[in-house]
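Good morning, colleagues. Please look at the sequence and the model as they come up, and I shall then take you through the main features.

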Amino acid sequence: MAATGQHYESKVIAQLFGVSVRRIQQLTQEGIIETTQVPGEGRRYELVPTIQAYTKYLADKAYGREQSDREAELKEQKMKADIALKESQGELHRLKTDIAAGKYIAVEEVRMDYERFFVTFKNFAMSLPTRLVDEISSYVEPLEARRIEKELHQRVRNLLVAFVVAGVTDDGKK
């Protein structure tokens with residue numbers, strides 16, 4: 001752009017272009033036209049470069065080449081959102097396929113399996129004292145065997161209670 005030394009206020013440029021002063025300010029903010037600092041006068045528009053820049057802007061706009069930074073940013077955001085959507089749809093499809101193939105099971109089914117397992121485990125643990133006393137009954141008196149069995153039952157019960165308390169989560173579920 002050639003410097004001519006002719007500098008004008010925004011209201012003169014607005015009259016020249018047939019737009020409002022506010023529109024000139026917007027064009028400046030968008031970087032379409034530029035101001036220069038003139039000593040003692042403030043910011044002014046240099047006539048020839050301003051006309052050239054505005055003419056180029058109008059021509060680009062007329063031929064569809066004009067695209068504001070905001071539009072470009074919005075298109076990029078839309079493209080990223082589309083990509084994220086497609087990826088999440090792909091992930092959802094993969095999960096549905098895996099569920100249909102039996103790779104995943106319902107939480108309720110897992111909960112029921114655990115409950116059955118722990119009931120079976122408790123029954124097994126509670127039967128240990130009786131089995132142990134059966135093994136040692138020929139070596140001790142019947143009264144002593146009964147006392148040992150009761151003590152072992154109590155210890156197993158205490159261990160199971162401690163086990164259940166340790167298995168409780170923060171939300172109160174086992």
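Let me begin with a question: is F118 buried, partly exposed or exposed? F118 has a relative accessible area of 36%, and since the partly exposed class runs from 20% to 50%, F118 is partly exposed. I should say at once that this is a predicted model, and that the values I quote are computed from it.

Let me place that residue in its setting. The protein chain has 174 residues, and its secondary structure comes to 6 helices and 3 strands. Read along the sequence, the pattern is β-α-α-β-β-α-α-α-α. Of the residues in the chain, 17% count as buried. The chain exposes about 13800 Å², of which carbon and sulfur atoms supply 58%. As for contacts between residues at least 6 apart in sequence, 48% of them join residues at least 24 apart.

I return now to the aromatic residues. The structure holds 5 aromatic pairs. One of them joins Y114 and F118: the ring centres are 6.2 Å apart and the planes stand at 20°, so this pair is stacked. Both residues lie in helix α5, which covers residues 107–136, and they are 4 residues apart, about one turn of the helix. Y114 is exposed, at a relative accessible area of 51%. A further pair is formed by F117 and F118, with centres 5.0 Å apart and planes at 75°, so that pair is edge-to-face. F117 itself counts as partly exposed, at 48% relative accessibility. Ring pairs link Y114, F117, F118 and F121 into a cluster.

What kind of surface patch do Y114, F117, F118 and F121 belong to? They are part of a nonpolar patch, together with F124, L128, L132, F163 and V164, and the patch has about 850 Å² of accessible area in total. The elements that give two or more residues to this patch are α5 and α6. The largest share, 7 residues, comes from α5. F124 is found in that helix, and it is partly exposed, with a relative accessible area of 43%.

Helix α6 covers residues 142–166, and E149 is found in it. Is E149 buried or exposed? At 14% relative accessibility, E149 counts as buried, because the cut-off for that class is under 20%. Leaving aside neighbours within four places in sequence, E149 is in contact with P129, T130 and V133.

Finally, I turn to the interior. The largest nonpolar core has 12 residues: I13, A14, F17, I24, L27, I32, I33, Y45, L47, A53, Y54 and Y57. Three helices give two or more residues to this core, namely α1 (10–17), α2 (21–29) and α3 (47–62). The largest share, 4 residues, comes from α3.

Which residues does Y45, a member of that core, touch? Not counting residues up to four places away in sequence, the partners of Y45 include Q6, H7, Y8, E9 and S10. Also among them are I13, I24 and I33, as well as T28, E34, T35 and T50.

To close, I would set two features side by side: the nonpolar core, with its largest share from α3, and the nonpolar patch on the surface, with its largest share from α5. Thank you for your attention.

Terms used:
Residues are numbered from 1 along each chain as its sequence is written. This is a predicted model: local features need pLDDT of at least 70, side-chain atom pairs count only at pLDDT 80 or more; totals for chains, interfaces and linings use all residues. Side-chain values use heavy atoms; hydrogens and water are left out. A nonpolar core is a set of buried Ala, Val, Leu, Ile, Met, Phe, Trp, Tyr and Cys residues joined through side-chain atoms within 4.5 Å. Buried means under 20% relative accessible area, exposed over 50%, partly exposed in between (1.4 Å probe, protein chains only). Contact means heavy atoms within 4.5 Å. Rings of Phe, Tyr and Trp (its six-membered ring) pair if their centres lie within 6.5 Å; planes under 30 degrees apart count as stacked, over 60 as edge-to-face and the rest as tilted. Patches are made of residues with over 30% relative accessible area and no salt bridge: like charges are joined within 9 Å, nonpolar side chains (Val, Leu, Ile, Met, Phe, Trp, Tyr) within 5 Å. Accessible areas come from the Shrake-Rupley method with a 1.4 Å probe; for residues, only the protein chains shown count as cover. A salt bridge is a side-chain nitrogen of Lys or Arg within 4 Å of a carboxyl oxygen of Asp or Glu.
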